[in-house]
Amino acid sequence: MLDHSLLQQTLTAAELEAGCQVARGYDVASVCIKPYAVPVAARILAGSTVAVGTTIGFPHGGHRTAIKVAEAQQAMDDGAKELDMVVNIGKALSKDWRFVANDIAAVVQAAHRRGALVKVIFENCFLADEHKEQLCRICGEVQADFVKTSTGYGATGATDEDLKLMRRCSPPHVQVKAAGGVRTFERLLAVRAIGVTRVGATATKAILDECKAQLAK
C-alpha cells in the first residue's frame, strides 16, 4: 500500500538514494521521487517489484497542460511508471470543469499509452466538497487510476471525511490514495478500512517496523 515519498525540498542526492534503498528493502509499492532523480531511482530499483513514481505539475498544478504532458513523457523516458499529477486548483475553484477534465485527460492518455498509472492530486484543503465530488466524477470519466487527497505540503492532509467522500464519489475502477499525516501503522489500518489502497508516506520505515512488531506478537 505504501508509496515512499521522497519529495522534501531539502533532500540531498545521498538522501534520495538512501530513500530508494529503504523502499527496495521494505518492498513497498513505489517511490515517489523528485522528477530530476527518476533515473537514479530507476537504477537503484531495477530488478525489484518497487515502481518508480514522480510528480507532474507539482505542487501547485498551474502548469500549462502541454507542459504537464511533456513532464509526463520525460518522466516515463527516465523510467517512471506512476505519475502523481496536481489538478489546476484555480480552474477547479472557478468550476471550469471542461478545462480541468481536458488537463487531467491529456496526462492520463499520455501515461496509459505507455502503461503508466496516474494519481490525480486534489489538494483538498483549498476545495469545498462540491469541488471534490466533481473532481472524482471527472477522474472516473477520463479513466484516471487514483484520486489523491493532497501534495503533503498543503494546510491539511488525508482526513477521514475527505477519504470517505472520495471513495463514495469515485467509481470502482478509481482507487483512493491518502497523502499527508499517515505516520503510524494504526493510522494506515484506519484509512485502509475506509477504502484507501495507497498511502504516500515519509514514515515508511517506522510504519512497517511497527507492522512487523504487531505481526510478531
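The following exchange asks how some descriptions of this predicted model are justified.

Me: What do the numbering and the values rest on?
Reply: Residues are numbered from 1 along each chain as its sequence is written, and side-chain values use heavy atoms, with hydrogens and water left out. Because the model is predicted, local features need pLDDT of at least 70 and side-chain atom pairs count only at pLDDT 80 or more, while totals for chains, interfaces and linings use all residues.

Me: How do you know that the size of the protein chain agrees with a compact globule?
Reply: The rule for a globule is 2.2 Å times the number of residues to the power 0.38, with the radius of gyration taken over C-alpha atoms; for 217 residues this comes near 17 Å, and the protein chain has 16 Å, which agrees.

Me: What makes β2 and β3 a pair?
Reply: Two strands (E runs in DSSP, at least two residues) pair if DSSP finds at least two bridges between them; four bridges join β2 (residues 30–33) to β3 (residues 51–56), so the two parallel strands qualify. One of the bridge partnerships is that of Cys-32 with Gly-53 in β3. Both strands belong to a closed barrel of eight strands with parallel pairing, running from β1 to β8.

Me: Why is a set of 70 residues called a nonpolar core?
Reply: The term covers buried Ala, Val, Leu, Ile, Met, Phe, Trp, Tyr and Cys residues joined through side-chain atoms within 4.5 Å, where buried means under 20% relative accessible area (1.4 Å probe, protein chains only). The largest such core has 70 residues, with Ile-104, Val-120, Phe-122 and Val-199 having the most contacts inside it. Helix α5 (residues 97–113; helices are H or I runs of at least four residues) gives the most to this core, with nine residues.

Terms used: Buried < 20%, exposed > 50% of the residue type's maximum accessible area, 1.4 Å probe, protein only.
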